[in-house]
Amino acid sequence: MTQIELRNINKHFGPFHVINNVNLTVKDREFVVFLGQSGCGKTTTLRSIAGLETIDSGEILIGGTPVHMLKPEARDVAFVFQSFALYPHLTVFENMAFPLRAVGMAKAEVAATVERVAGVLQIRPLLKRRPSALSGGDLQRVAIGRALVRNPKAMLMDEPIGSLDAKLREEMRVELKRLHVEQGSTTIYVTHDQIEAMALADRIVVMHAGVLQQVGTPAEVYANPVNLFVAQFVGSPVMNVADVTVSGAAGAGLVTVKGASEGFAFPPALLAQVPDAARALKLGIRPEAIEVALTPAEGHLAAEAHIVEPLGSHDIVDIRVGDSLLRARTRPGFVAGPGTPVWLRLDPTRAHLFDSETGNSLGIRL
Amino acid sequence: MAAVRTAGEVFRHRASLVTLLLVLVIFLGPIFWITATAFKPRNLATTVPPTVFFEPEISPFVKLMTKRSQIRTAPAPEVYEAAPWWEKQVYDGGEKVVRSGKGEVQLSGYPSRFLNSLIVAVTSTLLAVSMGTITAYGFSRFKIAGEDDWLFFILSTRMLPPVVVAIPMFLMYRAVGLNDSHLGLIILYTAFNLSFSVWLMKGFIDEIPKEYEDAALVDGYTRMQAFFKIVLPEAATGIAATAVFCFITAWNEYAFALIMTNRRAQTAPPFIPSQVGSGLPDWTVIAAGTFLFLLPVAIFTFLLRNHLLRGMSFGAIRK
């Protein structure tokens, strides 16, 4: 039963407030992913939990015990580094046995444990080799093996597959998920790759400038981003964001993209919830929530396709509306090419309105 | 070597081989000369043109290690017959080995000077490298107020020409009774080498990724254990290189050894030239002393060659 709690933790690097009053509870056996751009404080938070950084204020509890004053070796957590940090002068076996020898485990038991974990990770044939003789994927397996042997209270992973090539990264992602399902240790995983986060996490923690932006399941974070930062960080391609004005005329609400002559029709009930229509607003809409038609249709606005990116399973079409480019997702080959006239409709149930000044979502849903 | 070579390239290749051979001859010439002279009978040492082919003998080494005196007349046949083979070679050269009243061979000053050199050089190298490594680790891994100033200060201790401090050092050493003592020379050479050792080791330790220690810390080791189990093995190449340089400096040091010591703690460098003496110098003995003096550095470097040649292996880190 290992629960990790962060209570009001703060840290500064000189003038930079790198961790700003972070509160979070990671439940037992949960896989939590810290997602954010580089420099957002996610790695520093992880290192603080491991004891590799000291925090300025706040409390860190692992399994109910305050650990923020303990040295790393007393916290019983395992850490997987982006660089793997395998000791080059030791063989794979010795690397994996290293944490066990720290606690003075008997020789036979060390060998048995390393063998067992190596079996799980399918790296038994590599045990006698040195790290310099291994491929990227195998290095990563050994690094995870070194973390697993000790059966630690928590696994902390700092972009463990960030330095692998794209194909290998996909394979290792599946393997990490399998390992977590099998081993079930409480895991915190840091990444800047939102696809990794979506694929692996029980819950995603989006961080920006040292502040937690949103904590939720991948589906929640994707469907209901609390602010523009989260909206534009999660999803690929990212959510379209356009300056809009909102008006209600002739019984139908209209959302007009800045610079456009006509507005999209929205249910008046939705727009009635906008507290102050005069306020500058931004519309957020995911590419799959834009419906594209090749013939004029009821409630559709005329526009012109700008660029078409064929991606195999689907196409991404850039369409100019007013001053903004909206990117829509279509069937492959649906839009012939640049210059094709198209008609658009936005799905109001999947549209988001954000306050332009604060960037926060108005939280208006149909 | 599968690439096609043009005639010009072949010529350049051969020319560079010839040049290399020439350079090699120039560099190895003096060493060959010393080695050859060390095994020559005395009468062949200074011939013009130089004798290249001769029957090697060890009389120069026997004479180097023992006290001896000139003899005017050849020894009596029974004395000659009773002498061991190595002493016969000395008799053949017109000298005899001096023995004590009990008939024991009396040693010259060389063996004890050589031993002094070993004691002083090995001890000061150990001290300079170990202290330098720990200091460098501190500078490399921790934030230290005025770090750059401290490092410059450490380097600045090497900036004064040794000659400038020789006389003050001699007076201070005499005042505290450190002159002509092993400890005195060890302190002096350690101080010489320390700044060099700190700077060199800092460069090597900076190259060792901090993640290794971070990993060792979360693996359950203290920082001290991480230093000994991870940093030291990783820094082996740097330690070997630093040790070789420190050893060479301490081993070859001449000026301070000449000033600070005269008998008890005298090292080999000031002793060897003192054997030139007055009258006709015996070049074979001096060459033998020099030849032996060259060996420890050669052996030390040879033993550490793998560490010196092995590049830092960073195969396990992705940058």
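Two residues are taken to be in contact if their C-beta atoms, placed from the backbone, lie within 7 Å. On that criterion, 23 residues of chain A are in contact with 20 residues of chain B. The model is predicted. The side of chain A that touches chain B divides into 18 nonpolar residues, four polar and one charged. Two elements of chain A, β6 and α2 (92-102), give two or more residues each to this side.

Strand β6 also belongs to a sheet of chain A. Six strands form this open sheet, in the order β6-β7-β8-β3-β9-β10. The pairing is mixed. β6 (77-80) and β10 (211-216) of chain A stand at the edges. Each has a single partner strand, so one side of each is left without a neighbour in the sheet. Neighbouring strands are turned by 15° against each other on average, direction ignored. Within the sheet, β3 (residues 31-35) and β8 (residues 186-191) of chain A run parallel. Five bridges join them. A:Val32 has A:Ile188 in β8(A) as its bridge partner.

A second open sheet of chain A holds five strands. Their order is β15-β19-β16-β17-β18, and the pairing is antiparallel. The edge strands are β15 (290-293) and β18 (324-330) of chain A, each paired on one side only. Here the average turn between neighbouring strands is 45°, direction ignored. β15(A) runs antiparallel to β19 (residues 341-346) of chain A, and four bridges join the two strands. A:Ile290 stands opposite A:Leu346 in β19(A). In general, strands of a sheet pair through backbone hydrogen bonds, either parallel or antiparallel.

Helix packing was examined for one pair in chain A. The axes of α4 (residues 136-148) and α5 (residues 166-183) of chain A come within 11 Å and cross at roughly 20°. Angles under 35 degrees count as roughly parallel. The crossing angle therefore makes α4(A) roughly parallel to α5(A). The crossing of α4(A) past α5(A) is right-handed. From α4(A), the contact draws on A:Gly136, A:Gly137, A:Gln140 and A:Leu148. These meet A:Leu168, A:Met172 and A:Gln183 in α5(A). The contact residues divide into three nonpolar, four polar and no charged.

Note on methods:
Residues are numbered from 1 along each chain as its sequence is written. Chains are lettered from A and ligands numbered from 1 in the order in which they are written. This is a predicted model: local features need pLDDT of at least 70, side-chain atom pairs count only at pLDDT 80 or more; totals for chains, interfaces and linings use all residues. Axes are lines fitted to C-alpha atoms, for helices over the stretch in contact, and angles run from 0 to 180 degrees between N-to-C directions. Angles under 35 degrees count as roughly parallel, over 145 as roughly antiparallel, 65 to 115 as roughly perpendicular and the rest as oblique. A crossing is left-handed if the near helix is turned anticlockwise from the far one by less than a right angle, and right-handed if clockwise. Ala, Val, Leu, Ile, Met, Phe, Trp, Tyr, Cys and Pro count as nonpolar, Asp, Glu, Lys and Arg as charged, and the others, Gly among them, as polar. Two strands pair if DSSP finds at least two bridges between them.
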